[in-house]
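Trainee: Could you walk me through this one? I'd like to know how the labels are earned.

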Amino acid sequence: MIQRSSCLKTLIQSLRVTTPSSSPTKLAAYNCYTSQPASSLQEVSKPSASSPSNGDEYADVDWDNLGFGIMPTDYIYMMKSSEDGSFEKGQLNRYGNIELAPAAGVLNYGQGLYEGTKVYRKGDGRLLLFRPDQNAIRMKMGADRLCMPCPSIHQFVDAVKQVTLANKRWTPPPGKGTLYIRPLLMGSGPILGIAPAPEYTFLIYTSPVGNYFKEGFAPLNLYIEEEFHRASRGGAGGVKAITNYAPVLKPITRAKSRGFSDVLYLDSLHKKNLEEVSSCNIFLVKGNTISTPATSGTILQGITRRSIIEIASDQGYQVEERAVPVDELMDADEVFCTGTAVGVAPVGSITYQGKRIEYNIKAQSVSKELYDILEGIKTGLIEDKKGWVVEI
Ligand SMILES: Cc1ncc(COP(=O)(O)O)c(C=O)c1O
């Protein structure tokens, strides 16, 4: 048994990770770390057979009460860029805080991107990822917009697989939730004038999660915001820049305090067309036609959005990607949101200019039909004929 103090020293020196706070869950992860033999305290390049996460055991979590919150797991993945901007020598480190220069580009100028994907555990213990290459491609697009070098698609997917395996015991049992995977790319090098940072860090952490909205599967109540906008033309709304998210905190907080689930944004130029919700895309159903705002720079190209468009077309719906005027909400049969975190979430009401538009949620709705197919593919219950699922 190693001593906690020497363990800490090793951790700080070799991993440049600081002591986690003493919240119960963090402590649980930390204790797990201190009980490891010294050899396993070193940075590991891949999960070893003795890794606590390699078996089919489970972490000590109340799986029946998972929300969408952060729960530290065993490992994070980290990879830094070299001077020429290439990424190599990524590795798994024990979960913990990271060290950043005060002048890091990400802290001063918001030079950062994030991604989000989920791991599903099958009944036989296998782990399934959904289209992680699409997250890698989207990160590349974002990196280009924010002047950052980026790991290759292969490096990205490989890193996601490694960190998933290393944290396997934190992946909820089938039907109880998923292991949320959060890749980050940030300007970690110091820079004073406004310019791209001299060094970049690619990092992935994970957390077991349940439903994103407290409503669970209950319909969402959205509020259409006219004072604040999420993105404007020529900005970075079309990529997953971290700077897109702090500005929505105010409208979300205000909407939530008034009892709404989230905010639906309009185009900032005319305040006439629908854009998207703070963290998901939006669809309208009218008869056999499903419409969703076209992504032309201000709207994030959701991976769930693209998948639902394909599934809906396969099911015989006419899918239209176009400008969708806010007025169309008045006579839509159904409205639903899509996103990795929310899945396919039905909308029960939308409040616009003081009027509440209500939608009758039927048991056999279009959103439920599409949700069942998407979820079936993701969880391995429906055959994946599209090559979307990556098994690890
Ligand atoms: C602004 C925004 N729109 C849409 C989405 C949905 O994208 P995806 O389906 O890839 O999760 C997200 C989620 O990450 C988001 O942050």
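Trainee: How many helices and strands are there in the protein chain?

Mentor: There are 8 helices and 19 strands. They are DSSP runs numbered from the N terminus: H or I over at least four residues for a helix, E over at least two for a strand. Mind you, this is a predicted model, where local features need pLDDT of at least 70, side-chain atom pairs count only at pLDDT 80 or more, and totals for chains, interfaces and linings use all residues. Residues are numbered from 1 along each chain as its sequence is written.

Trainee: Why are strand 6 and strand 7 said to pair?

Mentor: Pairing takes at least two bridges found by DSSP between the strands. Strand 6 (residues 117–121) and strand 7 (residues 127–130) have 3 bridges, in the antiparallel sense, so they pair. Within that pairing, V119 stands opposite L129. The two strands form a hairpin with 5 residues between them, and G125 in the turn has a positive phi of about 95°.

Trainee: What does strand 19 pair with?

Mentor: Strand 19 (residues 389–391) pairs with strand 7 in the antiparallel sense, again over 3 bridges. There, F130 stands opposite V389.

Trainee: What makes a residue part of the shell around the ligand?

Mentor: Its C-beta atom, placed from the backbone, has to lie within 6 Å of the molecule. Here 13 residues surround the ligand, and the closest are G302, I303, T304, G339 and T340.

Trainee: Which element gives the largest share of that shell?

Mentor: Helix 7, with 3 residues. Helix 7 (303–314) and strand 16 (334–339) each supply at least two.
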